[in-house]
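Trainee: I've got the model open on my screen. Can we walk through a few spots together?

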Amino acid sequence: MKFMKLGSKPDFFQTEGDNIRYVATELGTDVAINVGDVKFYLHKFPLLSKSARLQKLVATTNDDNSDEIHIHDIPGGPAAFEICAKFCYGMTVTLNAYNVVATRCAAEYLEMYETVEKGNLVYKVEVFLSSSIFRSWKDSIIVLQTTRSLLPWAEELKVVSHCLDSIASKATIDTSKVEWSYSYNHKKLPSENGNDPLWNGVGKQQMVPKDWWVEDLCGLQLDLYKRVITIIKTKGKTSADVIGEALNAYTVRRLSGISKGMIRGGDVVKNRSLVETVIYLLPTGSVPCSFLLKLLKAAILLECGEMEKSELMRRISQQLEEATVSDLLIRAPAEEEMMYDVDMVHRLIEEFVVRDQSAQTDPSLETEFQEIKTPRFLSDTSKVKVAKLVDGYLAEIGRDPNLPGSKFVSLAEMVSSFPRSSHDGVYRAIDMFLKEHPGITKSEKKRVCKLMDCRKLSAEACTHAVQNERLPLRVVVQVLFFEQARASAGGNSTPDIHGSIRALLPGGSHGSSRSTTTNTEEDWDAVPTAEEIKALKGEISTLKLGDGNEGVGNDRNDHHSAKNQSENVAASKMKGFLMSKKIFSKLWSNKERNGESSSDTSESPSSINAEETKSHSRSRRRSLS
C-alpha cells in the first residue's frame, strides 16, 4: 500500500476522556472547535495561516464575543479534521488509501488552498493521489470504497471518476503488461493454463489470466461495481465471456445461497437490486445456462420486475440446450399444491419453440437491455437436446401426485415434433406419471400414452413395457407387435407393412400411440395380466413377416407368378393377424366376464368377430382372383 508522510514535528495532540482533544504545549490554547461530538482546544495562529474557512469562522466568533466554533458538516468528521489540524501545526501525519479521500474532502471544506499558503494540504493530497494512489491497482479499489461515505464531496472533487477510470483502464490493459499483484483463486480458462488446442507451444504462454481482475472487484458495493463494469464494457477491449465471469463471481459472493438455488437472509431490497443489475449488465451468451436459471430462481424468490424476468427467460431460451434437469426444477410458490413451477418451464420451452418460428424481438427491451438478434432457425442438434431435456424433466415432475395430467401432456406436446432417435425418455416419463397417478381417468391415460411412439422404443424399453402393468393393454399390444416386427426384419427399424394389415394395428395406419383416433375406451382402460401378455407375445411371434416363401402356391401362368406370390404372402400374413385378433377378442370377453369392461364400450367382441369373418372372406377372394 502506498503512503505519504507530511510534517516533521512530534505529535503533541492529547486525549482527555472520549471527546476532548488538545495540544500539550507551554502556550495555552485560545480557541475551541467543536467537530461533531469532539471538542478540540487549539491555537488560532497555525490554523488561520492555512485555512481560509477558519479565518471566516474565527472572525464571526469575535463579533459574537465567543471563543468557540461549531463545525458539524465537515466531511470525514473529527478524524479528518484532526489530520488537517496537525498539518497546520507541522506535525507528522501519514496519508494512505484509507484516509486520503477524507483528508482531501476535509481540506476542501476548510479551504486549504495554494492561495492561502504555498504547499498547502489540498495541493499535497492531489499530488499523492495522482502520483501514487491512482497508479496502484489495489489502492485505487480501496480509495473507491471509501468514497461512499464521503458523497457528494468525493464525486464533486472527481475522486470517484478518477478511481473508476484507473480501475477500468487497468482491467482492460493487455495482460502482458500486468505487473502488479492481484487476487486470483478460481479456475483459469483453457487458453490461460496451456490447454488451448490452438496454442502450438512456440509463443510465450500467457501467465496472467484474462479475468485476473474479477475477484478484486467483488468487494465493491453494487452502485460502484455497476459503474466499473459499465466503463469496462464501454472500452470494448474485454470479451463478453470475461465480463460474464466477473458478474457470475460477484453474484455468488454477494448473494448468499444462489449457487444452491436459494437466497439465505440479507436485505431483500438490496438483493433484488443486485439481481436486476446483474441481468442488466450481462452480455448475451456470456454465462452458462445454469447460472441464468439460478438467477431466474432468485428473481422469482425476490419478486423482481416482470421485465427482468422476461429478459432472463429470453436469454435462457437461447441457451436452453445447455440446461440440465436439475436446473429446471424451480420450486412452485408456497400457496400452490404442486411441487414445481411447471408453468415457468412451459414458458421457457415456448420461448425456445418461438425462436424456430420467428426472429421477432420485443421493442420494450431495447432501452433497458443490450439487444442481440437471435437466429431464426434452430439446429436439429439443439432440438434433440431440448427434447431429451424435457423428457427428463417430465420424469421428475411426474413424481408429483398433485401434477395435473393436462400440464404434463401440454409440456410434452410442445416438443413432440422435435427429432428423437429414441422414445425411451418419453416412456420413462409416462411410466413415472402413471405410477404416481393411478386414479386418472381413461381419457387422461389415453392422452398421456399417445405421447409415445412404440416404434422408437429400444429393446430394453420394450422388455420393460410388455411387463408393465400400468400401461393400457392397447399399448402393450403395440409394443409386442413392433418388437416382433423388428426381430422378424432382423434390424432395428420397423419394416413396411401391407395396408390391409396395417389397418388392423391398434394405432391405425401409423402404428403409434400418438396417432390413435378410433380407439375404444375399454382397451385404454384395460390392464393386461401376465398370462394375457404371454398369450399375446406367443401369438404375435407366429407371424412370419420376413418369410417371402410362405403361402406361395403353384402358378399356372409364369407371367403372373410374381403377382400371385405376393398376394399369397399377404393372405398368409392376414391369416396370422386374424388369429391374433381372435386372441384379443377373447381377452376383451374375459375382462367383461370379470366386470373390468367399461359400460361405454363402443365395440363388442361379437362385432369384432363378425368383422374378422368379413375381412377373412374378402382376403380369400383377393388371393384366389
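Trainee: Which residue in E3 is the bridge partner of threonine 15?

Mentor: Keep in mind that this is a predicted model. Strand E2 covers residues 13–16 and strand E3 covers residues 20–23; the two run antiparallel, joined by 4 bridges. Threonine 15 pairs across to E3, and its partner there is arginine 21.

Trainee: E2 and E3 form a hairpin, so which residue in the turn has a positive phi?

Mentor: Look between the two strands, where 3 residues make the link. The one with a positive phi, about 75 degrees, is glycine 17.

Trainee: How many residues does the largest nonpolar core have?

Mentor: Start from leucine 42, which is among the residues with the most contacts inside that core, along with Ile33, Phe81, Trp213 and Leu217. Leaving aside neighbours within four places in sequence, leucine 42 touches Phe13, Val23, Ile33, Phe81 and Tyr89, among others. The core's residue count is 156.

Trainee: Why is helix H4 largely enclosed by the rest of the structure?

Mentor: Go through residues 100–109 and check burial. Even Arg104 and Glu108 are on the buried list. H4 is largely enclosed because the number of its 10 residues that are buried is 10.

Trainee: Is arginine 315 buried or exposed?

Mentor: Arginine 315 sits in helix H13, residues 306–318. Its side chain makes a polar contact of 2.6 Å with the side chain of glutamate 311. Buried means under 20% relative accessible area. The value for arginine 315 is 2%, so the verdict is buried.

Conventions. Residues are numbered from 1 along each chain as its sequence is written. This is a predicted model: local features need pLDDT of at least 70, side-chain atom pairs count only at pLDDT 80 or more; totals for chains, interfaces and linings use all residues. Side-chain values use heavy atoms; hydrogens and water are left out. Two strands pair if DSSP finds at least two bridges between them. A nonpolar core is a set of buried Ala, Val, Leu, Ile, Met, Phe, Trp, Tyr and Cys residues joined through side-chain atoms within 4.5 Å. Buried means under 20% relative accessible area, exposed over 50%, partly exposed in between (1.4 Å probe, protein chains only). Contact means heavy atoms within 4.5 Å. A polar contact is a pair of N or O atoms within 3.5 Å; within protein, one must be able to donate a hydrogen and the other to accept it, and residues adjacent in sequence count only if both atoms are side-chain atoms.
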